[in-house]
Amino acid sequence: MMRAGARQYVVARPLYSEDSFNEEHKKVYRHHKTALDHVKQYFRCDAKRAKNAALSLLPIIGWMKIYRIKEWLLSDIVSGVSTGLVAVLQGLAYCLLASLPPWYGLFAAFFPIIPYFFLGTSRHISVGPFPVLCLMIGSVVTRLIPDEGPAANITGFSGLTVDEQRVLVASSVTFLVGIMQLAMGILQVGFVVMYLSDTLVSGFTTAAAIHILVSQLKFVLGLQVPGISGPLSLIYTLEIIFKKITSSNVCDIVISLVIMVTVFLVKELNDRYKSKLPVPIPIEVIMTVITCGVSYAFDFRTRYGIDVVGKIPLGYEPPVAPNLQVFQHTAMEAFPMAIVGFAVAFSVAKVYSIKHDYTIDGNQELIAFGVSNIFGASFKAFAASTTLSRSAVQESTGGKTQIAGLLSAVIVMIVTLAIGYLLEPLPKSVLGAVVIINLKGMLMQFNEIPYLWRRDRPDCVVWMVTCGAAILLGLDLGLAVSLGVELICVVLRVQFPRCSVLANIEGTEIYKDRKDYISINEPEGVKIFRIPSPIFFANMDFFRNKLVEALGFNPLRVLKKRNKALSRIRKLLKKGDLQWTSKGFLNTTNGSLVDPLEDSDNEELDKPIDFKDLPIRIDWNAELPANMVVPRVDIHSLVLDFAAVSFLDISGLKGLKTVRDSVSSYILEKLHKCCFFDEEVQPSMFFLTLHDAMLHILEKHPETTERKILTTVTVHHPSGNLRSRDKNVS
């Protein structure tokens, strides 16, 4: 029964095979561009393309034309000042992750913003240090210049202090990251970020948060712990910390706990009352100022032995060229840095672009970050991306465009040139505490594990393997392993798809998995098999096995037995030992029939059956002469639903040579191009829909079903109206 008030639609049309449909509806010829056509179009130049190229390369032109000075400027100023204060603190804090002197974080919070102001397509992200990138740079820095032991044999290190060597490594790696990002942007390969699924990014950033947490414990506890890089570095670091934990500085621990508790509580208040607060309370900045004052007043460094930021040189250092030998030693680490930095920035930018209704260009973002990192590295800054917390401050405080970002850079510049000395008494434990408390969002991603396990277990496996590999093997190797696992999961999903046997929903033209519904109609003698994935060399055997499983017998084995029996019948008829009568085959010998088939193994038993020289078509389900036994087959029609098959390769084409199916137009076109059809396999065997194929079968085998399958008959009335009624095929 149809539910009351349900809407209906009725379609009256002929039963279409692919041939009959194409005869009635002519296709439009479309010229497909060749590779040469695409190259010519890419290099074609006219006024319109030049204008579009300029707007694409300099997105600032686009948003400056629509800038509303009266409405947006004040908001951008407020946002720029707020973001700049946070950027100063995060620059100092995240620089510790990179194993560099803290003031170089101010360089990273200033120089990359300037190129991005002109080249970036996002109006809301705050460009600067990102903790995961800082940690990846720190692992490279400590590998080449360890805290204990000799530095790597690099010519450019001679005559430099340890800090200068580390700065040279960090800036050179950043320069190489920028080159890679710029090259990917020019080559228009921004789509590579699509291979980093949300699950992978979540697991990777969670592992990075754990690395960051462990790396900051030495500052929070006031311990001297050497930087360790490579696989199991986190385990070795924890081992050293636990051995030295009795030597912790109590004052550092107290300061860190006070900072973390206070910042946590105020951030919770910011989140709860964000709709009522004009701007979020900049608690990190407030606590930093208070701690600086208290540390200076009570001389924490001398009295309690607390490690402080120390002297911050005023002004900027002259530009420096990258070291080519560092390129050779760090190329393998630089590529994942380029991918991770872009992926995180693009993900955050996409969130705000959707919220504020404008578009961002992935390839242009690669160019923007590439130039930003190259420019920043020239002035001893390290790799830049963005952080969700700093970008959230820029957006939530009213930032409308990257003018807010430029003003935040001005605030950083003022600190660097004029008032940086005020931060000299700041304890490093404060910076460590600020870093740790800002990891809350990334660490809370552990809550995704139960959700993923319930919803999608392969995704859950990707998350756990990514997180575990990044924790144990390091972020660079962990990312490589996670990409491999994700690729394997995709391949396995395609190679082993969820095939199903479909059945008709009674009274409709709809076909669903027969296991999922009660009121279904599965006509006797008909099987509808669906494969929802591409068919190619890797899953052809799986597809064949699943098809045999659905049928309940092996068609090739049955065909061979039938051909063998047919060969015996032909020879017996030829010898006269067997005759055909109206009542069936008659044994003309007095004894039992002798099997004349001595060379059956030499015959081609897997070819289609030919009945041309026989007096009658044999009923294989009836009793056969000469005690021949051939398995009974109750299926006379097989429909293959390939509507979800996106492509076929040559192996798939060979495997389909002996089956009939309902396919998409793309697959049918591919079959024509590959000369798939012959005398045995005709295009007329392919149908537009499953229902067309089923109705065609019911016309040929009207006795095969006892239930109702919907067709539509249109009756013309004298009034000229059309009236439709259902016809039940039985």
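The following questions and answers cover the cores, one helix and the salt bridges of a predicted model. Residues are numbered from 1 along each chain as its sequence is written, and side-chain values use heavy atoms, with hydrogens and water left out. Local features need pLDDT of at least 70 and side-chain atom pairs count only at pLDDT 80 or more, while totals for chains, interfaces and linings use all residues.

Visitor: Which helix gives the most residues to the largest nonpolar core?
Guide: A nonpolar core is a set of buried Ala, Val, Leu, Ile, Met, Phe, Trp, Tyr and Cys residues joined through side-chain atoms within 4.5 Å; buried means under 20% relative accessible area, exposed over 50%, partly exposed in between (1.4 Å probe, protein chains only). The largest such core has 122 residues, and Val 132 and Val 169 have the most contacts inside it. Helices are DSSP runs (H or I, at least four residues), numbered from the N terminus. The top contributor, with 15 residues, is residues 324-356, helix α15.

Visitor: How many of the 14 residues of α8 are buried?
Guide: Helix α8 covers residues 131-144 and reaches 20 Å from its first C-alpha to its last. That is close to the 20 Å expected at 1.5 Å a residue, where the expected span is 1.5 Å times one less than the number of residues. Its buried residues include Pro 131, Val 132, Cys 134 and Gly 138. The helix is largely enclosed by the rest of the structure, because the number buried is twelve.

Visitor: How far apart in sequence are the parts that Asp 692 and Arg 13 tie together?
Guide: The two side chains meet in a salt bridge at 2.8 Å, N to O; the term means a side-chain nitrogen of Lys or Arg within 4 Å of a carboxyl oxygen of Asp or Glu. Asp 692 is buried at 2% relative accessible area, whereas Arg 13 is partly exposed at 40%. Asp 692 lies in helix α28 (residues 690-700) and Arg 13 in the segment before α1 (18-24), so the separation is 679 residues.

Visitor: Which residue is linked with Asp 456 and Arg 493 in a network of salt bridges?
Guide: Arg 493 forms a salt bridge with Asp 456, the closest N and O atoms being 2.9 Å apart. Arg 493 is in helix α23 (residues 475-495) and Asp 456 in the loop between α21 (448-455) and α22 (457-473). Arg 493 is partly exposed at 38% relative accessibility, and Asp 456 is partly exposed at 23%. The network also holds Asp 459.

Note on methods
Helix = DSSP H or I, 4+ residues; strand = E, 2+ residues; numbered from the N terminus.
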